[in-house]
Each structure stands twice: as C-alpha cells, then as structure tokens.
Amino acid sequence: MGSWLVMDATDSWLNVPALLRDPDAPLPQPWRDMFAPLRSGGVDDLMVVAQMGQSIDGRIATESGHSKYINGPAGLDHLHRLRAVVDAVVVGVGTAVADNPQLTVRRVSGPSPARVVIDPRGRLPASARMWASDGVRRIAIVGQDAKPKLPSGVDVLRVPLIAGRAAPAAILQALASAGLRRIMIEGGAHTVSGFLTAGCLDRLHIVVAPMLLGAGQPSVELKPVEFAHDALRPPVRAHLLADEVLFDIDLSRQRVVAGRANTSR
Ligand SMILES: NC(=O)c1ccc[n+]([C@@H]2O[C@H](COP(=O)([O-])OP(=O)(O)OC[C@H]3O[C@@H](n4cnc5c(N)ncnc54)[C@H](OP(=O)(O)O)[C@@H]3O)[C@@H](O)[C@H]2O)c1
C-alpha cells in the first residue's frame, strides 16, 4: 500500500479508510451512507464498484476525448475517497492513453490502491504515469499472446480473449487470484459498460456535474430497449456533493458470481 496523505487532521474522513476495512467498526456519518455498502459484495467475496463523472446531459468527455475535469472539487474528492477504500483501481487502456492518469490518492487521506490497466494487446507505453514506481502494486491485464513493454516491477495477469474481448468475470477472477477483493472500475465508458452488461458490478457511482456539454462521449451504454418500462431500474440513492449529485446505484440483484480473493481484509 502507498503512503497516507493527510489533508486535514480534523476531517471526519481521516479514519474512514481503515474503519471500512474492519467489518466490526462503525463508520461515522456522513460517510456511512455512501461507503458502508462498499464493505463487501452481496454474492461473493468480491466487491466491485464503478464510478463515472458526467455532465447533466450524460457526457463523460468532449468529442475530442477531453474530460479533465468534468467534475468539480467535491466530485473529485469523492473519486479519491473511492480510491482510498478499494484494493485496486482499474481503467481501460483507452483512458490510460487518453488521460495518462496517476490513479493515486492525493486529494483526501487514505492509502493508494493497486493500479490496474485492462490492455488486451499490451499497447500502453512503459512511460505511462500509472506505472510510476512509488511502492504501490501495478498490474497489466493482457491477452494470452500480448507482449507488453512494461517497466520492471509491473505484474502481468493474462486472461483469455474471445474476438479481442475478455469476459469481465475472468478479469475479476484474475484480480481475485492476485488477492484483490475490493475493486473500483474507474472508466472509461466502454470498460464500465462492459462490466455493467456482464453483471459484474455491485454498485455504480455516477457523479453528475452541473454542466451541459451538448455533445461528446456518452456515459454508460447498454443494449437498447424498445420501451421505457423495460429499462434497468435498480435501487438508487442520491447524495448531494456541494453542487454535484452522486447517484449510488445498487446493482447487486444482477451481479453474477465472479470470484474469491486469496486474501481478504
Ligand atoms: N468522466 C469520467 O468519469 C471518465 C473516466 C474515465 C475516462 N474518461 C474518458 O473516457 C475516454 C476513454 O474511454 P473509452 O470508453 O474510450 O475507453 P476505456 O474504457 O478507457 O478503454 C477501452 C479499451 O480498454 C480495453 N478493454 C476494456 N475492457 C476490456 C475487456 N473486457 N476486454 C478486452 N479489452 C478491454 C480495450 O482495449 P483495446 O482497444 O486495446 O482492445 C478497449 O478498447 C477518454 O476520453 C477519457 O477522458 C472519462
């Protein structure tokens, strides 16, 4: 685990990352409502949460792929809090290339999680910022035949591909076998949509920023339905984050069994 960056010793958030990992410890409010559901998954040993930041009109990036930053300070703090309570943060290689994110916890107190990229063809350059050698575990999930160019110390997990795609459940099993139990899928939309469609998410956090982009890359996409009454309507709880709204979407009813971690906390 990485270092704990303490922003404000009086912050009631300070001990939440440690408390959340102790199943018997009560969580203080307001964090309990938002984060207690992330303690454990409903169907197996894993808990998988995805997060997307989007405009009111459902865009996660401009047409050119620019997304830094759709969310304001409160939404970004929430993203860093999510990172601080999970064992691993996972991005698709599209996001790793487009945004070159660090994927560390910097805005709030808490440990940085393992950084994982789903990169079936092994195309992420060794210079990517998520590969920085800072003591935090780094993992590339690649196809069986990929020859990724990685800095030393980056672990490689290989998954079977069918038509270039890996089953999200196989990705979760690979992460579970590496001892990672609480997992956040941080984007982009393609990756999150794949996990959602496959029933591989326990929860989805969508943070809506008070802006209209008008055009750009859409947020999560599912197979079209003909009638509104056929839409997926999971239980949702809304939380106000300053001028942004967090929709905490409970997907546990459709979650498939994916794996059991070798170690768990
Ligand atoms: N607003 C937000 O919250 C937010 C968050 C993250 C990213 N973004 C934005 O989203 C954009 C990137 O998103 P994106 O949807 O284009 O890309 P993405 O989801 O980041 O990455 C997609 C790629 O990852 C690989 N991948 C993901 N799941 C896979 C699976 N199950 N099996 C095999 N390969 C898999 C594939 O790589 P290959 O192409 O090599 O097959 C796929 O094309 C950027 O503009 C970024 O700024 C916004």
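Glutamate 186 has a relative accessibility of 13% in this predicted model, and because a residue counts as buried when its relative accessible area is under 20%, glutamate 186 falls into the buried class. Its place in the chain is the loop between β7 and α6. From there the side chain of glutamate 186 reaches the side chain of arginine 83 in a polar contact of 2.8 Å, and the two residues also form a salt bridge, with their closest N and O atoms 2.8 Å apart. Arginine 83 belongs to helix α3, which covers residues 73-85, while glutamate 186 lies in the loop between β7 (182-185) and α6 (189-197), so the pair ties together parts that are 103 residues apart in sequence. Arginine 83 is buried, as glutamate 186 is.

This pair belongs to a wider set, for the structure holds 9 salt bridges. One of them is formed by arginine 237 and aspartate 33, whose closest N and O atoms are 3.2 Å apart. Since arginine 237 lies in strand β10 (residues 236-241) and aspartate 33 in helix α2 (residues 31-35), this pair ties together parts of the chain that are 204 residues apart in sequence. Here the partners are partly exposed: arginine 237 has a relative accessible area of 44%, and aspartate 33 has one of 25%.

Another salt bridge is found between arginine 255 and aspartate 202, where the closest N and O atoms are 3.0 Å apart. It links distant parts of the chain, with arginine 255 in the segment after β11 (244-250) and aspartate 202 in the loop between α6 and β8 (203-209), 53 residues apart. Both arginine 255 and aspartate 202 are buried. Through salt bridges that share partners, Asp44, Asp202 and Arg255 are joined into one network.

Helix α6, which has already served as a landmark, deserves attention of its own. Its buried residues are Ala189, Thr191, Val192, Ser193, Phe195 and Leu196. After α6 comes glycine 199, whose phi is positive, near 70°.

From α6 the description can pass to the ligand, since Thr191 is listed among the closest of the 28 residues that surround the ligand, together with Ser67, Thr95, Asp99 and Arg165. A polar side-chain atom of threonine 191 lies 2.6 Å from an oxygen atom of the ligand. Backbone atoms also take part in such approaches: a polar backbone atom of isoleucine 60 is 3.1 Å from a nitrogen atom of the ligand, and a backbone N or O atom of valine 93 is 3.3 Å from an oxygen atom of the ligand. Of the 920 Å² that the ligand exposes when taken alone, the protein buries 87%.

The ligand sits in the largest pocket. Two or more residues of the shell around the ligand come from each of the elements β1 (47-55), β2 (59-61), α4 (93-99) and α6. Among these contributions, that of α4 is the greatest, with 5 residues in the shell.

There remain some details of the backbone, which are best read against a general background: most residues other than glycine have a negative phi, and most peptide bonds are trans. Against this, the peptide bond from glutamine 29 to proline 30 is cis, with omega near 10°, and proline 30 lies in the loop between α1 (16-20) and α2. A cis peptide bond also joins lysine 68 and tyrosine 69, with omega at about -5°, and tyrosine 69 is found in the loop between β2 and α3.

Positive phi values in residues other than glycine occur at leucine 103, where phi is near 65°, and at alanine 242, where phi is near 50°. Leucine 103 is placed in the loop between α4 and β4 (114-118), whereas alanine 242 lies in the loop between β10 and β11. Are these two residues buried or exposed? Leucine 103 has a relative accessible area of 0% and is therefore buried, while alanine 242, with a relative accessible area of 60%, is exposed.

Key:
Residues are numbered from 1 along each chain as its sequence is written. This is a predicted model: local features need pLDDT of at least 70, side-chain atom pairs count only at pLDDT 80 or more; totals for chains, interfaces and linings use all residues. Side-chain values use heavy atoms; hydrogens and water are left out. A salt bridge is a side-chain nitrogen of Lys or Arg within 4 Å of a carboxyl oxygen of Asp or Glu. Helices (H or I, at least four residues) and strands (E, at least two) are DSSP runs, numbered from the N terminus. Buried means under 20% relative accessible area, exposed over 50%, partly exposed in between (1.4 Å probe, protein chains only). A residue is near a molecule or strand if one of its heavy atoms lies within 4 Å of it. A polar contact is a pair of N or O atoms within 3.5 Å; within protein, one must be able to donate a hydrogen and the other to accept it, and residues adjacent in sequence count only if both atoms are side-chain atoms. Accessible areas come from the Shrake-Rupley method with a 1.4 Å probe; for residues, only the protein chains shown count as cover. On a 1 Å grid over the protein atoms alone, a cavity is a set of points where a 1.4 Å probe fits but cannot get out, and a pocket is an open set with protein on both sides within 12 Å along at least five of seven lines; lining residues have an atom within 4 Å of a point. A molecule sits in a cavity or pocket if more than half of its atoms lie within 2 Å of its grid points.
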